[in-house]
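Please work through the exercises below with the sequence and the coordinates at hand. Each task is followed by a solution in steps.

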Amino acid sequence: MISLSDLYHVLTAVVPLYVAMILAYGSVKWWKIFSPDQCSGINRFVALFAVPLLSFHFISSNNPYAMNYKFIAADTLQKVVVLGVLAIWSRISSRGSLEWSITLFSLSTLPNTLVMGIPLLKGMYGQASGSLMVQIVVLQCIIWYTLMLFLFEYRGARMLITEQFPDTAGDIISFKIDSDVISLDGKEPLETQAEVGEDGKLHVTVRKSCSSRSEVFSRMSHGLNTGVSLTPRPSNLSNAEIYSLQSSRNPTPRGSSFNHTDLYSMANGKSANMSPRTSNFGNMGFDEESGFGGRANGVYGQGNVGYPAPANAGIFSPATGPGAKKKANGTEAGKDLHMFVWSSNASPASEGGIHVFRGGEYGKEPGVGAHPKDYNDFGREEFTSGNKNPNGCDREGPVLKKLGSSSTVELFPKTANDTKATAMPPASVMTRLILIMVWRKLVRNPNTYSSLIGLTWSLVSFRWNVEMPVIIAKSISILSDAGLGMAMFSLGLFMALQPRMIACGKTIASFSMAVRFITGPAVMAAASIAVGLRGVLLHIAIVQAALPQGIVPFVFAKEYNVHPDILSTGVIFGMLIALPITLVYYILLGL
């Protein structure tokens, strides 16, 4: 039976965290102490120093040779079962999708174990439960968050390939990714350049869009003349800087990186003043008949006049591979893939960042993760090149689109003829592409290093009884001791900067809370019983599964624009109702 003294110990451990969160909320919402830019700096400190050092402190001080393997097995079984059910649902159900599978997996299996779980479970079940929570944290950081990144990058790769290679994706046998491409999240416009090899297969190169870089340089030049400052906007846990232009008087999200003039020049060549950018296409326009246009009467890319493509022109030469087809006159029609630009048209919050471990604003978009300006400006535009005969009739030819992706908004609805699924490249090719991108994300994430270094040190120190030098231990503890408080303070700042506590609507919020606080603990209870957990260990497993939504899954959801409003509600509203819910579980399990 749970006594009042036990409840008091629990409240003693948890209430101080809520005090820090409420103080942060009031300092922005009521007292106007911190500006959004100052909040961004605080959140960046938490992301780069406080939370990683806190994670290192807990992991390095936990004995890895005394791990409870049944408890770990129960936690792993819960996640595997949920993942398996969602995978089957997404394949056999018409309502199933990869985006919803990722979101439901996050809601049901990834709680806020580091910040809320350790102090709460210590207050409920003593010091031994804290060690169990650290073991869960290790698995989350090393395995499950990495799996989340894999799923998000897999989604990004599928979208990129489906949009740009709808007919020839199955012929891709290799991807080469430029070193400055660190993610397929779609925030940065990307170019794909395909070449047909001697084997008739496609070799694809992925790089950042040259038009994006051209736009940045032009805006930088404009900023020098107008007083606009170029300032770094803090990014997420990947520690990637996102630079955007903002005025010192009126901060605004970064504008479109889509260069209309360059694309019209490349696609249509309407004006004699427009010359193609040599960085993208050399001294070549774009012509459907010959694969690229030459110069006629001093104008590039005009009509069908041009010199023939050299044999090694690759993407700019007529297709000779499996995608080629015959024209009416019997000649080979170029159905090569040419050059495409891909971007998710992410919301300003996605580009500018969020206020938990990122800068910028979130929640002002009327749609789900989508700002209307992005689509009104260019999201729905199509640019055709050479698709009109002189007599005005349409003819078949390549179409260059500003492509977009969103988990909830479909910019280009598929017609009945487009319902056929695109054949993906071989599994080995896709796996290599995704692993490269996941690796690039992980090496930029400070939590990756804190977890691995902490685990390595614990293995060494508990194996040979080696103690950390005091000077190093105190250098770490001076910041890690502030980690819990600063993490909750950062959450309070995030809550204060949101226009609504429930960003996704009451119906979806109720559904997500049910998944978080009912489905997750129920599956954990079944998995724990299946592996043989009983007594206090079973109680700990269920209560930790009923903790509020984790912060890192929300950061990923915001970065990849996959239901960020749902995860935002899970973090904010979940934190408000988490304490009474976990207390109810604690009391009921103690009866």
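The exercises that follow concern a predicted model.

**Exercise 1. Overall composition**

Task: State how many helices and strands the chain has, and what share of its residues counts as buried.

Solution.
- Step 1. The secondary structure comprises 19 helices and twelve strands.
- Step 2. Of the 591 residues in the chain, 51% are classed as buried.
- Step 3. The exposed surface of the chain amounts to about 26,100 Å², and carbon and sulfur atoms supply 61% of it.
- Step 4. Among contacts between residues at least 6 apart in sequence, 76% join residues at least 24 apart.

**Exercise 2. Annotated spans**

Task: Take residues 6–28 and residues 536–557 from the UniProt record, and determine the helix content of each span.

Solution.
- Step 1. The unreviewed UniProt entry lists several spans as "transmembrane region", among them 6–28 and 536–557.
- Step 2. Residues 6–28 are 100% helix and 0% strand, with 34 Å between the end C-alpha atoms.
- Step 3. Residues 536–557 are 77% helix and 0% strand, and their end C-alpha atoms lie 34 Å apart.

**Exercise 3. Nonpolar core and nonpolar patch**

Task: Identify which residues touch the most other members of the largest nonpolar core, and which residues form a nonpolar patch on the surface.

Solution.
- Step 1. The largest nonpolar core holds 108 residues, of which Tyr18, Phe71, Phe175 and Met488 touch the most other members.
- Step 2. Helix α6 (residues 127–164) gives the most to this core, contributing 16 residues.
- Step 3. With neighbours within four places in sequence set aside, the contacts of Met488 are Leu17, Tyr18, Ala20, Met21, Val115, Met116 and Met575.
- Step 4. On the surface, Leu11, Val15, Val19, Ile22, Leu23, Trp30, Trp31 and Ile33 make up a nonpolar patch with about 760 Å² of accessible area together.
- Step 5. Val19, a residue of helix α1 (residues 4–29), is partly exposed at a relative accessible area of 41%.

**Exercise 4. Salt bridges**

Task: For the salt bridges Lys79 with Asp75, Arg155 with Glu99 and Glu559 with Lys441, establish the separation of the partners in sequence and whether they are buried or exposed.

Solution.
- Step 1. Side chains of opposite charge can pair when their charged atoms come close. The whole structure contains six salt bridges.
- Step 2. Lys79 and Asp75 pair with an N to O distance of 2.8 Å. They are four residues apart in helix α3 (residues 69–92), so about one helical turn separates them. Lys79 is buried at 1% relative accessible area, and Asp75 is buried at 2%.
- Step 3. In the salt bridge of Arg155 with Glu99, the closest N and O atoms are 2.9 Å apart. The pair joins helix α6 to helix α4 across 56 residues. Both Arg155 and Glu99 are buried.
- Step 4. Glu559 and Lys441 meet at 2.1 Å, N to O. Because Glu559 lies in helix α18 and Lys441 in helix α12 (residues 427–442), the pair ties together parts 118 residues apart in sequence. Glu559 counts as buried at 3% relative accessibility, as does Lys441 at 4%.

**Exercise 5. Positive phi angles**

Task: Locate Asn465 and Asn561, and classify each as buried or exposed.

Solution.
- Step 1. Asn465 has a positive phi near 55° and sits in the loop between α13 (446–464) and α14 (470–480).
- Step 2. The phi of Asn561 is also positive, at about 60°; Asn561 occupies the loop between α18 (551–560) and α19 (564–589).
- Step 3. The cut-offs are under 20% relative accessible area for buried and over 50% for exposed. Asn465, at 67%, is therefore exposed, whereas Asn561, at 1%, is buried.

Definitions and conventions: Residues numbered from 1 in each chain as written. Predicted model: local features only at pLDDT ≥ 70, side-chain atom pairs only at ≥ 80, totals over all residues. Heavy atoms only, no water. Patch = residues over 30% accessible without salt bridge, like charges linked within 9 Å, V, L, I, M, F, W, Y side chains within 5 Å. Areas by Shrake-Rupley, 256 points an atom, 1.4 Å probe, with all protein chains shown as cover. Salt bridge = Lys/Arg side-chain N within 4 Å of Asp/Glu carboxyl O. Helix = DSSP H or I, 4+ residues; strand = E, 2+ residues; numbered from the N terminus. Buried < 20%, exposed > 50% of the residue type's maximum accessible area, 1.4 Å probe, protein only. Core = buried A, V, L, I, M, F, W, Y, C linked by side-chain atoms within 4.5 Å. Contact = heavy atoms within 4.5 Å. UniProt positions renumbered as here; feature names shortened; annotations may be inferred.
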